Amino acid sequence: MNPVHLETLLAIVEEGSFEVAASVLGISPSAVSQRIKALEASTGRVLVRRANPVGATEAGEILVQAARRMALVQAETDARLGQRLARVPLSVAINSDSLATWFTQVLSDTAQRGDVALRIRIEDEARTLAMLRRGDVLGAVTREHSPVSGCDSTFLGTMRYFAVAAPHIAEGFHSGRFTWETMPLVGYGPNDQVLDDAMRERFIDSHVVRARVSQIPSSEGYLEAVRVGLGWGLLPQAQAQPLVESKELLLLDDHQLDIDLYWQRWRLESEVLSDLTRSVINAAAGLGRA
């Protein structure tokens, strides 16, 4: 299988179009198209969905995984030989709450290393595994302990969440003026599994509260929205504790939601991926153990 064709397939999937991939590769769009046609002819499969954005078919995803591994090995080799200054790219999928709290140490470790480019993909921890399975990323923070085929899985710890609200909302709830169904609520987005779990455990009908839900797709923005009283929300302990201690936020109940997190990574002979894994495990050491 022609490695140049695999490189071209990876560029198309990462950039989302033949034209942008051509610009990145420094060739014409027609040359990109010819390479993909040749790769599809050699495999006997349609590999690319000609849509907007362009995506890989099921067969194409298998080759994208192979291409991504080859790209990592090539980048590592080039870095060791000093042939170019480009950093080794590492694509990682992680949930926003982890990125805003314990994962910041990984950013620091990576910066100190100096030869690695991190490409972070933000997704709910219940959904990051799909990115790993497709080969979109080389490592992922996920809820799933069972390793994807070809990957290793390591338990990181437990993210603990609390239901909190600004004082005027919390006091209204505790006095009976508000109920779970009538309080305004802040959600991260349409795929907020943590909030869905918390609502289910409190028997809150999501259809009833839908009109009162604000969506803030940023961990820092979400924290600020809850702090200023846009609605109640679920905050990880690292963010909630100092605000509860300062009375800026109040607990709505004494129930905690514990989410076990795992680090899954492709089983590759890669120094930078192994170093990243050690960094992730060390950074997560401060998480609890439910």
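Trainee: Which elements do the buried residues of α2 pack against?
Mentor: This is a predicted model. In it, the buried residues of α2 make contact with two helices and a strand. The partners are α1 (3–15), α3 (29–43) and β1 (48–49).

Trainee: Which residues of α2 are buried?
Mentor: Helix α2 covers residues 18–25. Buried means under 20% relative accessible area. In α2 that holds for F18, A21 and A22.

Trainee: Why are these buried residues on the same side of α2?
Mentor: An α-helix has 3.6 residues a turn, so residues three or four places apart point the same way. F18, A21 and A22 are the buried ones here. They lie on the same side of α2 because, around the axis, they cover an arc of only 105°.

Trainee: Which residues are exposed on the other side of α2?
Mentor: Exposed means over 50% relative accessible area. On that other side, the exposed residues are E19, S23 and V24.

Trainee: What residue follows α2, and what is its phi?
Mentor: The residue after α2 is G26. Its phi is positive, near 75°.

Trainee: Are α1 and α3 roughly parallel or roughly perpendicular?
Mentor: Their axes are 9 Å apart, and the packing angle is about 115°. Angles of 65 to 115 degrees count as roughly perpendicular. So α1 and α3 are roughly perpendicular.

Trainee: Is the crossing of α1 and α3 left-handed or right-handed, and which residues make the contact?
Mentor: The crossing is left-handed. From α1 come V4, H5, L6, T8, L9 and I12. From α3 come V32, R35, I36, A38 and L39.

Trainee: How many residues of each class does the contact of α1 with α3 have?
Mentor: The classes are nonpolar, polar and charged. The counts are 8 nonpolar, 2 polar and 1 charged.

Definitions and conventions. Residues numbered from 1 in each chain as written. Predicted model: local features only at pLDDT ≥ 70, side-chain atom pairs only at ≥ 80, totals over all residues. Heavy atoms only, no water. Buried < 20%, exposed > 50% of the residue type's maximum accessible area, 1.4 Å probe, protein only. Helix = DSSP H or I, 4+ residues; strand = E, 2+ residues; numbered from the N terminus. Arc of directions from axis to C-beta. Contact = heavy atoms within 4.5 Å. Axes fitted to C-alpha atoms, helices over the stretch in contact; angles between N-to-C directions. Parallel < 35°, antiparallel > 145°, perpendicular 65-115°, else oblique. Left-handed = near helix turned anticlockwise from the far one by under 90°. Nonpolar A, V, L, I, M, F, W, Y, C, P; charged D, E, K, R; others polar.
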